[in-house]
Structure formats: structure tokens, C-alpha cells
Amino acid sequence: MNWHRIIAVSHKEWREIVRDKVFFALAFLVPVSMMILLGYGLSLDVEGIPLAILDDDHSSASREYAYRFIGSRYFDFRGYVDSERDLNELLTDNRIRAAVIIPPDFEKNLLSAKAVAVQTLIDGTFPFRAQTTKGYVIAINAAANMDMLAGHLSKILGTSEENIRRQLQPVRLETRYLYNQSLKSIWSLAPKLIMLILMISPPFLTALGVVREKESGSIYNIYVSTVSRAEFLVGKLFPYVAISMVNAAVLFLLATALFGAPFKGSVSIFFLATLLYVVCTTGIGLLVSVFVRTQIAAMIVASIVTLVPAVLYSGVLIPIFSLETTARIIAHLLPAMYYTNIVTACFMKGTGIGYFWLDVLILAGYAALLMGFGYALFRKRTAT
Amino acid sequence: MMQKWMFSAMHNPMIWLRRLHVMTFKEFLQLKRDWMLLIFIVYAFTADIYLAGSGVSLQLREAVLYFTDQDKSVSSRELVYRFQPPNFHVAGEISENPRKALQLLDEGDAMVVLDIGADFEKELITGASARIQMQIDTSNSVQGFLASSYAQRIVADYGTEKAMTRLKALGGGSASLPRIIDDHRVWFNANQNDTWFMSITELLTIITLFSVLLPAAAMVREKERGTVEQLLVSPLSSFQIMFPKVLSMTTVILIGCAISLALVLKGIFHVPIRGSLPLFFAITTLFVFTTAGLGLFISTIARNLAQVGMMTILVFTPMLFLSGAWTPPEAMPFWMRTVMYASPLHYYIDTGFGILLKGAGVDILWDEILIMGILGGVIFGVGMARFRKQFGN
């Protein structure tokens, strides 16, 4: 390996990137815009679920019960309807996601101390939202039952409602939220977005950069030159790693300054791990470029092999322990999961390198492996 | 002579159609030669959708729970026993050392640690409120919140059951109590099968990606190589240059979509296709055309394929994430929801899920289809106009 040649290749690549001003600008604009849009838009908090109510009882008890839903910030009340058919249509047309049907004789049954079934309809197209909505319904019902039971029993037993209430809930659960006391979803999301964006952007840049030369034929200049494979690859990848590291720094600033995510770990260790991760993702781009001949194919392959696994198998939305066996194996085979562990440790937990050195080591191994494969498969000639 | 020939071509629909045919054939031929691209198109519509749909769930599953039990009573054991799959997975008991608990949480090996005090059963029997401590890893806030609310429900139910037996004995065993029974029904996907949701979402995502990228790339490639010059001096109108690209790519996408529906969605995941398939394909065609207009617009701005790639990501990711496909639109901030209404993908997702899962027809979906058509017309029109301006007619 001759450093002069590497620098020459890097310099040439850099000039090529900079000369295409639009491409150069986009290389920085894409990660930033993704961070801002996803940071504000990608929320899994389920609130303001549009809801309609069918009240067949028209009593004060039914109104009071309905108001528990209307007044809740988890639901967005869209009005009363007159028939089940209306509810049906509203649900099918996505105008509401949940409906409550209060039966006739609601008040009468309750006053005579009987059980009464209230039906709720929930739109199940988005299972996560349905699950959460169901949770809210159960909680609202439980609160209503508790109030009623306390009132009823205090009359029978002749003690105060407060006393009954305390007796009805003999176990108190004291919860401590660790690492994210206020449960701010952006705090846990913003750092993981760094992982996600650095998985999408560098492979794209790199694959395009290498395949561009293949497609335009300018790579023949390299084939006939004295530059060795290794020198070419290192020189070629260096500018992309550099651009991605600048992007990583910008993303880090956006996460901490714009979204206010706490950073509790060591900045230098974090950026060292980030460098390893960026080398990995750049390496994925290199590997993609070895297999494809055209830039269109490079774009398609790069986006498909990175985007889906990075969202699904990295722990950004779904914890690794929740995945099924095959998915969990895939997760362990990809670098994203290890970097997510590091990001979580550095941002949220503030644990030292002692807790995640293995993840760093695996990333380093991964980087070496990818570069090795890229080197082995890259030929200084093409089949065509 | 030349002018006369062109004049006749414009007025002879047979020649017009034959040119369209030849140009479309050329696009297919070009695609056929890029076999790596073809393989990945097939991969995207099959294996990729299978991967996204299988084994992935946003719901809380198997949250790893450790506990310390200083009481070692029947009551404490019964309570721990209530933390069951699918939501929880009791991984084991740890000694009273609080540092061990923190270490498990720090390393991410535990998500929940319960701590049951020494006098739990005694307090429960005397009615003095018994306390349990719970520590939850909320570095994933959504999952942490879910774990917390499930745990609270389990503990509350447990406590109420214990209390009721006692209070009933006190109240003379009166069986009748006023109570609201929660009878909830989940429609369209009764078992909240994540596979259906994920696979449909992924299919719609792939369709969107290809319908922006493929036409834009096909156009810019000609620009980059200079072959567009040859096309421009041929007796072809700019529409005849552009339209075959959209046509061929739309065909490819529709075939991919059909394969995916038959093999993966219906074949493997048993997604109940409740609505009309012809309607679904009609709407998909409309959507692909409108999004292709966006791709053409990009192709008029971009000078080379690398720019196309970056611009596509720039347009595609917000479109995808702001469509309500991955996250509930209700949770978005107001301004973002407003932007969402300008994205054709939002309406495509509503109609797609509406037809496939809800069995909705034109009678219900007409307004979404109309808005999508108008948006699409505008996007395609602007793309076409810019293309004409750039290449002349």
C-alpha cells in the first residue's frame, strides 16, 4: 500500500464529489432532513384516537360514562351517532378508530346492582394502535367500575367511600422509570435515528460513487493504472467515510440540541464506535457496488438491504427480545443492533465502555469482514 | 417530404401506437439485460415482504422480568405467577442485592425488575396497603410505557380480586354488584395479527419506492449517456419518449404486486383479501402513475443518476413516514398531519387497507380516490410540463 496513491485516489474522488454541487449538497441535506422529519413525525405515542359514541340509554348515568371517554386526552370525540350502521361506515372509512355502544337500560341495570355489558369497537388494521386503544378502554372501564363499586359498597357497609377505595386496592405498585424518567419518546428515538440514518445514507453514497465509475467506464482508467485494489478501495471509500462522519456529528448535535436527548456517556468513545459503524455501513455500500453493474440496481439493492433490516431488526422500534427466533438471528447478524446497544448505553444509560465493549469489538470485526469481502470480490477487470 | 411524413404520423393512430409499442419494448429489453436489478425487483416483492411480515411485532412481547421476593409467601408467588407470556417472560429470581438488578437493567438483559417486600402477605391480609417496587428500562419509551401499564393492570386486578373476596365476606356475600363489563371487539383484524399489517405496509412501501425511482432513473440514464439526444431528433414527441418509460415500469410494478399478493400475502400470511382485487389494481395503477410523475419531475431536475438517487431518498423517506403507514397519523403533530394530506401515499394506504382488510368499495372510498386522482393529475401534469420545457416538443 502506497499512501501517495491512496491520497491521489481520494483526492480525485473528492474533486468528483465536490464538482457535482447538487450531489454534494444532497449528501449533507438528506441525513439532516431525515432526522428532522422523522424526529418530529415518527411517534408511536397513541393519543387523540378519533371516537364516536352510540348512546341507546340517554340517561344521566350513560352520559356520565360517555364523558369518561370524551374527556380523556387519549380519545378525540367526533360526536354521537344514531345507529350501529353509522358506526360501521365511519370505521370502514377511517373517520373513527374506535366506537362505544352504550346499551338501553344501562342506568336501570346499574341502579339495581346488575352487571351491564358495554360494547366497544376498535379498528384493528394497525395492531399496535388497536392494542393500545384496548388498553385505554380497559383502564377507563376499570376506573368507572371502581367508582361505582366504592359508592355501592360504602352504602351497604356504611363506611366512607375513601376507606372502601383503599381496601379495594390493597397492593400499591411503585414504579421507577429508569433512563428516561419522563417517558419522552423523542429522547429514546432521536439517538436511534442516528443509527438508522447512518445505515441508509453511507451505503447509498458509496454504492453510487463506485458504480458510477463502472457505468461511465472511467473505472478502466483505474484498471490500467498502477493503483492496487487495496489502494483504490481505501482511497475511494475515504471521502465517503469522511462525509458520513461529518453527518454523524451533525446528527449528534441535532439529537442533543434540537431534540434535547440527554447524552450521559463519553463523547470520544461514542465517536470511535460511530466511526466503526460508518466503516461498516460504507462497507455494505462497497459490497453492493461489487455485485451490481448499473446505478439503478445499486440504488435499489442498497435501499432494500439497508432500510428494512435497519428499521425492523435493530431494536429501534421493537426490542430484540420481542423478536421471534429467525428475526432475532437476523438481528444478531447485522451491525445495526450492536450500534443501537452502544447508542442506548451512551445516550440514555450513561454506562461506561465496560458494559458495551463486546458490541464495539463485534462492530470492529464486522468492519474488517466487510472490507475483506469487498477486497476479495473486487476485481480489476469486469466480466463484460 | 419530412414534414409531410411527420404530419401523417400525427394523424395516423396506427403509427403512433406502433412507436409507443417499440419504445415500450425497448424499455423492457433494457430491464431484461440488467439481471441484477431484475433479481432484486423479484426479491423486493417476495422475500423482503416476507421478512417484514414475519416475526416482527410492535406489541410488547416477552418483556424480560426478574424479581426479588423477600416474602416468599403464597401470595407473593401467586402475584409473580401472573406475569405471563405473551407480554412478560419471567427470567428468574435474583438475590436481594439491588446492585445485581441495576446491572441487569444496565446491560439490557432485563427490562423489568419487581421487588416484593418482606411483609407483603401480612400487609395484604391486614388490609394495610402492601407495596411492590418496580423498575422499568424506558430507554425505549413506548415499550417501557406498555410494560408499565400491563404490570399495573396485573397488580390492580390481583389486588381487587383479593379485596373482593374479603369485602364480599364482610357484606354478607351479596353476589350482585353493579359493574360494567367491557365487551370489546377488534374489527378487520380480530386477532391483531401484526403479519397482515406489516406485509401490506411493506408492499405499499416497495410499490412507492419503485414508482418514484424506476421512471426517474430510466429517464436520467438517457440524459447521462446522451442517448436522449438520439431520441429527441427522432420523430417522437416528448410524450412518446416519456410515456413508454412510465408504462413499462408500471407494468413491472403491477406484476410484482400481483406476485406478492398471490404468493406472500395470500399464500403465506393468509391475509383475508376482503374487497375487490380489480379495484385494488385500478387504484394501484392510478397511484403508480401519479408517483411516476414525481419521478419524472425529479428527472428534470437531476443531471445524473447519483443525484436521482439522493433526491429519491429525500422525497421517499418523508413520504413514507408521513403517510401514516408506520406510525398512527393521530400521533403526529398538527403541521405534519397537514403535510400528510398532500401526499398521494396517504390516500393510497387508506384505500389499500380499506380494500384488502376492510372490504370497502368505491361507495365508501370515492372521496379518497378522487383526491388521489386530483393530486396525481397535478403532480403528473407538472412533471410532464417541466419535461416538455426541458426537451422541447
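## A strand pair in chain B

Let's start inside chain B: V112(B) has I136(B), in β4(B), as its bridge partner. Those two belong to a longer run of pairing, in which strand β3 (residues 112–116) and strand β4 (residues 130–137) of chain B sit antiparallel over 5 bridges. Keep in mind that this is a predicted model.

## The sheet that borrows a strand from chain A

Zoom out, and this strand pair turns out to be part of an open sheet of 5 strands, in the order β5(A)-β4(B)-β3(B)-β1(B)-β2(B), with mixed pairing. At the edges you'll find β5 (171–178) of chain A and β2 (88–93) of chain B, each of which pairs on one side only. From one strand to its neighbour, the turn averages 25 degrees when direction is ignored.

What packs on this sheet? Helix α5 (residues 74–81) of chain B does, touching β1 (63–69), β2, β3 and β4 of chain B. The direction of α5(B) makes about 175 degrees with that of β1(B). Helix α6 (residues 98–106) of chain B lies across β1, β3 and β4 of chain B and also across β5 of chain A, and it runs at about 35 degrees to β4(B).

## The sheet that borrows a strand from chain B

Now for the other sheet. Here 5 strands line up as β2(A)-β1(A)-β3(A)-β4(A)-β5(B), again open and mixed in pairing. β2 (75–80) of chain A and β5 of chain B stand at the edges with a single partner strand each, so one side of each is left without a neighbour in the sheet. The average turn between neighbouring strands of this sheet is 25 degrees, direction ignored.

Where do the chains meet in this sheet? Strand β4 (residues 115–123) of chain A pairs with strand β5 (residues 179–187) of chain B, in the parallel sense and over 9 bridges. One residue to look up is T120(A), whose bridge partner in β5(B) is H184(B). T120(A) also serves as the bridge partner of V100(A). That second link goes with the pairing of β4(A) and strand β3 (residues 98–102) of chain A, which run antiparallel and are joined by 4 bridges.

Two helices of chain A go with this sheet. Helix α3 (residues 60–70) packs on it, touching β1 (49–55), β2, β3 and β4 of chain A as well as β5 of chain B, and its direction makes about 175 degrees with that of β1(A). Helix α6(A) lies across β1, β2, β3 and β4 of chain A plus β5 of chain B, and runs at about 170 degrees to β5(B).

## The interface as a whole

How much area do chain A and chain B bury between them? The figure is about 11,500 Å², with 66% of it on carbon and sulfur atoms. Chain A puts 123 residues into the contact and chain B puts in 127 residues.

Polar links are there too: 45 residue pairs are in polar contact between chain A and chain B. On the side of chain A that touches chain B, helix α6 (residues 127–157) gives the most, with 17 residues. Sorted by class, that side of chain A has 73 nonpolar, 29 polar and 21 charged residues.

## Salt bridges

Side chains of opposite charge can pair when their charged atoms come close. Over all chains the count is 28 salt bridges, and 5 salt bridges are found across the interface of chain A and chain B.

Which residues should you click on? One pair is R131(B) and E174(A), with the closest N and O atoms 3.4 Å apart. This pair crosses between chains, from strand β4 of chain B to strand β5 of chain A. Another salt bridge joins K349(A) to D137(B), and there the closest N and O atoms are 3.5 Å apart.

## Backbone oddities

Most residues other than glycine have a negative phi, and most peptide bonds are trans. Two spots are worth a look with that in mind.

In chain B, the peptide bond from P85(B) to P86(B) is cis, with omega near 5 degrees. P86(B) sits in the loop between α5 and β2 of chain B. In chain A, H58(A) has a positive phi, near 50 degrees, and lies in the loop between β1 and α3 of chain A.

Conventions
Residues are numbered from 1 along each chain as its sequence is written. Chains are lettered from A and ligands numbered from 1 in the order in which they are written. This is a predicted model: local features need pLDDT of at least 70, side-chain atom pairs count only at pLDDT 80 or more; totals for chains, interfaces and linings use all residues. Side-chain values use heavy atoms; hydrogens and water are left out. Contact means heavy atoms within 4.5 Å. Buried area is the accessible area (1.4 Å probe) that two parts lose on being put together, summed over both. A salt bridge is a side-chain nitrogen of Lys or Arg within 4 Å of a carboxyl oxygen of Asp or Glu. A polar contact is a pair of N or O atoms within 3.5 Å; within protein, one must be able to donate a hydrogen and the other to accept it, and residues adjacent in sequence count only if both atoms are side-chain atoms. Ala, Val, Leu, Ile, Met, Phe, Trp, Tyr, Cys and Pro count as nonpolar, Asp, Glu, Lys and Arg as charged, and the others, Gly among them, as polar. Two strands pair if DSSP finds at least two bridges between them. Axes are lines fitted to C-alpha atoms, for helices over the stretch in contact, and angles run from 0 to 180 degrees between N-to-C directions.
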